[in-house]
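Biologist: Could you take a close look at one part of this structure for me and spell out the cut-offs as you go? I would like to know how the pieces there fit together.

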Amino acid sequence: MKKFLSNYKSTIILFAAIIVGAVIGLIFKEKASVLAPLGDIFLNLLLVVIVPLVFLSITTAVAKMKEPKRLGKIVGTIFLVFIITSIISVLVGFLSTYFIKLVNPEDTEKIVEVFQEEETEEETEDVSIMQSTVNLITVNDFAKLLSRDNLIALLIFSVLFGIAINMSKEKAEPVVKFLESANAIVNNLIKVIMYYAPIGLGCYFAALIGNLGASIAVGYVKTFAIYTVVSIAFFFIMYTLYAFLAGGKEGVVRYWKNVLPATFTSLATCSSAASIPVNIECAKKIGVSDDIAETTIPLGTSFHKDGSIIGSMFKIMFLVCLFGTPLSGGFALKIIGIALLATLLITGVPIGGGTISEMLIITMLGYPVAALPILTIIASIIDAPATMLNVVGDTASSMLVTRIVDGKNWLKKSKK
């Protein structure tokens with residue numbers, strides 16, 4: 001019992017704080033928003049360390065690689081795993097909604113009234129896919145790399161900077177030592193911040209539950225309920241399967257022993273970026289090597305989104321039901337492709353990516369632009385479970401990448 005409490009002490013405390021926060025939110029509802037600032041402090045502290053963490057961890061990992069070929073193998077394997085698991089996710093989203101009408105005919109009129117009354121102040125720009133890609137991977141000023149809004153550009157720059165250090169060999173040794181020291185300091189800073197996690201996450205969760213309970217429109221309850229059930233099933237079944245494929249029974253045990261902090265952080269903050277520090281630490285505790293954990297998790301934050309892909313399929317099928325579009329074989333393949341494209345490419349755009357993604361869905365399906373608020377509302381109500389799948393899916397993916405790169409005995413080699 002003492003060993004159990006020792007291993008799970010931080011998790012139990014965190015879980016208890018989440019439960020207390022949820023109860024407060026359910027009891028006091030909108031009044032629980034008074035606790036939001038205490039949760040915002042924790043979220044802001046995490047967000048502040050994102051840029052230095054990503055730059056230092058990735059650059060150091062690449063710079064320290066004695067085998068340059070390993071970097072190429074790791075990155076190639078990461079995207080192979082991302083593609084395969086993303087296809088699985090979109091198929092799960094499609095099958096989950098194919099036999100269920102997300103919108104009942106009697107509810108259609110009410111839903112249309114809701115989104116017609118919704119006013120959006122966001123303006124969408126007509127940006128080509130090529131230009132969106134350029135904006136996604138590059139910035140025109142070094143200072144812009146220091147913003148978490150340009151996370152993908154920072155990732156690419158960090159990899160290139162690490163490669164340059166690696167190429168410089170002994171001349172770059174002082175820089176490597178400095179980066180290692182700075183990286184160690186940032187990781188210890190994260191540990192200090194996590195001491196505040198029970199209070200911060202508890203308060204954040206109280207405000208989240210308090211506001212969410214009163215904001216979900218009646219016409220969307222069915223979509224929210226089905227998505228939540230699918231998310232929970234996907235969470236337990238698919239990630240257990242991925243962990244088993246990566247490390248057998250021991251892999252499953254280690255995954256579920258260490259993934260809960262990242263799960264709670266993602267649910268409470270609804271931010272994949274804010275979950276990066278906690279998620280990297282979870283992956284390392286499982287036994288994933290530092291270079292793979294510090295590469296897979298940040299890349300996955302932008303390029304691997306199981307929850308968002310399933311969510312895109314729910315958005316599409318919601319519109320299909322609402323407008324009575326027949327589901328032929330060719331159309332089914334089309335919406336699967338649109339869901340993948342809208343999530344993997346467009347949502348990574350630094351500014352307005354979510355809106356551009358939803359506009360892409362509407363435009364490619366030929367639905368009226370007036371339907372945009374419908375997708376906005378759906379995105380809001382599924383945000384928490386979608387973010388959870390986005391985050392913990394990266395943890396499972398890091399295990400699969402390690403299995404391929406380091407071999408089937410990777411768990412035995414780890415000292416975790």
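Modeller: Happy to: what follows is a walk through one helix, its partner and the charged pairs. This is a predicted model, in which local features need pLDDT of at least 70, side-chain atom pairs count only at pLDDT 80 or more, and totals for chains, interfaces and linings use all residues. Residues are numbered from 1 along each chain as its sequence is written, and side-chain values use heavy atoms, with hydrogens and water left out.

Let's start with helix α7, residues 151-168; helices here are DSSP runs of H or I with at least four residues, numbered from the N terminus. Its 18 residues reach 26 Å from first C-alpha to last, close to the 26 Å expected at 1.5 Å a residue (1.5 Å times one less than the number of residues). Buried residues, those under 20% relative accessible area with a 1.4 Å probe and protein chains only (exposed is over 50%, partly exposed in between), include L151, I152, L155 and I165 of α7. Just after the helix comes K169, with a positive phi near 55°.

The partner of α7 is α13: their axes come within 10 Å and cross at roughly 145°. Those axes are lines fitted to C-alpha atoms over the stretch in contact, with angles from 0 to 180 degrees between N-to-C directions. The crossing is left-handed, that is, the near helix is turned anticlockwise from the far one by less than a right angle. On the α7 side L151, I152 and L155 make the contact, and on the α13 side P298, L299, T301, S302 and F303, where contact means heavy atoms within 4.5 Å. These residues divide into six nonpolar, two polar and no charged; Ala, Val, Leu, Ile, Met, Phe, Trp, Tyr, Cys and Pro count as nonpolar, Asp, Glu, Lys and Arg as charged, and the others, Gly among them, as polar.

Helix α13 also takes part in a salt bridge, defined as a side-chain nitrogen of Lys or Arg within 4 Å of a carboxyl oxygen of Asp or Glu. K284 and E294 meet at 2.6 Å, N to O. K284 sits in α12 (residues 276-286) and E294 in α13 (residues 290-303), ten residues apart, and both are buried.

The count comes to two salt bridges, and R254 with E250 forms another, at 3.0 Å. Both lie in α10 (residues 221-258), four residues apart, about one turn of the helix. R254 is buried at 12% relative accessible area, whereas E250, at 39%, is partly exposed.

Key. Helices (H or I, at least four residues) and strands (E, at least two) are DSSP runs, numbered from the N terminus.
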